[in-house]
Amino acid sequence: MMANLFSIFEPSSSIFNFSLNWISTLLGLMFIPYLYWASPSRWSLCWSEIIFTLHKEFKALLTPYSLGSTLFFVGLFSMILYNNFLGLLPYVFTSSSHMAMTLALSLPLWVTLMLSGWINHTQHMFAHLVPQGTPSILMPFMVLIETISNIIRPGTLAVRLAANMIAGHLLLTLLGNTGPSMSSSIILSMLIFSQILLLTLESAVAIIQSYVFAVLSTLYTGEIN
Amino acid sequence: MGFGEYPPEYNAKIHGPYDPARYYGKADIPFGQVKLGELGSWVGRRNMSGIPGAVSRAFWRWNHKYMLPKKTGFAPFAQLMVGCMIVFYSINYGKMVHHRNHKYHW
């Protein structure tokens, strides 16, 4: 039974209450093109274009020591992109709206970066706590602020993605649920029009949020060297 | 036939390069041409352990037709999206079927 407004975010399916809905996380794999023939297909070229643009963007942000990790961040981007985008389709589950998934992405990443940074480049990490050009009086406060901002990074990465997805879906659901009981057709057409606009916005947000997640992860990686 | 191996009937010298969409076993009457009386024997001749191979060949046939040609359109993505929607609708059907009896819809 739909007990509350957030029932669309429940991963339990109706088949013996197994959480089958989580397979939407891996469905994006089906959309990525294969290269079977020597000359690539149109979608293959399109996808390669997107991936190479991202690779160039991330290459500019990463230091020479960690250039190989653009592969990881581009993969992260595409996974989150497909998850966000497929979640906009009717009846399809949005797995990136769950903190379970977004934290599972951001927390291991951040912990790895912190551990490798503090163990291998301790001096460098301490130096990063004070930005360039800080007046001497402000330094203790800057260290405190930078430490706190460092600690909340996995939280912000995870919550930003999950909250954006939930907010968009919630708005669409709320608008949609007033539709059936509407008697005036003018207001109904306005409602449908605003839903179409919201859907366009949500598609853009889906792409942007995945990009933001990947870029911020790249920046955090570039900082430890 | 193990996972990732060629089918036992495939012979590189006879068949040429391997095509994952082609069935290399003994040719049988296509389903559209089977007479009604022969239906039982036709079903009996089916190889139930070859279902993963059949799924794989169907997947590659779909790819060859829709995704891999040089000038594709939007059709394969539309088919994939509709397929996703159908799968998730069927998974969640039991939860949704009660909505028509509810007064308040959340």
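1. The largest cavity of this predicted model holds about 30 Å³ of space. The structure has one cavity of 30 Å³ or more. Its lining consists of Tyr34(A), Leu35(A), Tyr36(A), Trp37(A), Ser39(A), Pro40(A), Ser41(A) and Leu68(B). By class, the lining of the largest cavity comprises six nonpolar residues, two polar ones and no charged ones.

2. The second largest pocket has a volume of about 1,000 Å³. A total of 29 residues line this pocket, and those nearest its centre are Tyr23(B), Gly50(B), Gly53(B), Ala54(B) and Arg57(B). Helix H3 of chain B, residues 51–67, contributes the most to the lining, with seven residues. In the lining of this pocket, 14 residues are nonpolar, seven are polar and eight are charged.

3. Which part of chain B carries the annotation "transmembrane region"? An unreviewed UniProt entry places that annotation on residues 74–93 of chain B. In the model, this stretch is 90% helix and 0% strand. The C-alpha atoms at its two ends are 28 Å apart. The annotation comes from the record, whereas the helix content is computed from the model.

4. Ser14(A) lies in the segment that precedes helix H1 (42–61) of chain A. Is Ser14(A) buried or partly exposed? Its relative accessible area is 28%, so Ser14(A) counts as partly exposed; the class of partly exposed residues runs between 20% and 50%. Apart from neighbours within four places in sequence, Ser14(A) is in contact with Ser90(B), Ile91(B), Asn92(B), Tyr93(B), Gly94(B) and Lys95(B). Ser90(B), Ile91(B), Asn92(B) and Tyr93(B) are contacts of Ser14(A) and fall in the annotated range 74–93 of chain B.

5. Ser96(A) sits in the loop that joins helix H2 (70–87) and helix H3 (99–120) of chain A. Its relative accessibility is 0%, so Ser96(A) counts as buried, the cut-off being under 20%. Which side chain makes a polar contact with the side chain of Ser96(A)? The partner is the side chain of Asn84(A), at 2.5 Å. Leaving out residues up to four places away in sequence, Ser96(A) touches Asn83(A), Asn84(A), Met101(A), Thr102(A), Leu161(A), Ala162(A) and Met165(A). Asn84(A) is thus listed among the residues touched by Ser96(A) and is also its polar partner.

Terms used. Residues numbered from 1 in each chain as written. Chains lettered and ligands numbered in written order. Predicted model: local features only at pLDDT ≥ 70, side-chain atom pairs only at ≥ 80, totals over all residues. Heavy atoms only, no water. UniProt positions renumbered as here; feature names shortened; annotations may be inferred. Helix = DSSP H or I, 4+ residues; strand = E, 2+ residues; numbered from the N terminus. Buried < 20%, exposed > 50% of the residue type's maximum accessible area, 1.4 Å probe, protein only. Contact = heavy atoms within 4.5 Å. 1 Å grid on protein atoms, 1.4 Å probe; cavity = no way out; pocket = protein on both sides within 12 Å on 5 of 7 lines; lining within 4 Å. Points joined across faces, edges and corners; volume = space filled by probe spheres on them. Nonpolar A, V, L, I, M, F, W, Y, C, P; charged D, E, K, R; others polar. Polar contact = N/O pair within 3.5 Å; in protein donor to acceptor, adjacent residues only side chain to side chain.
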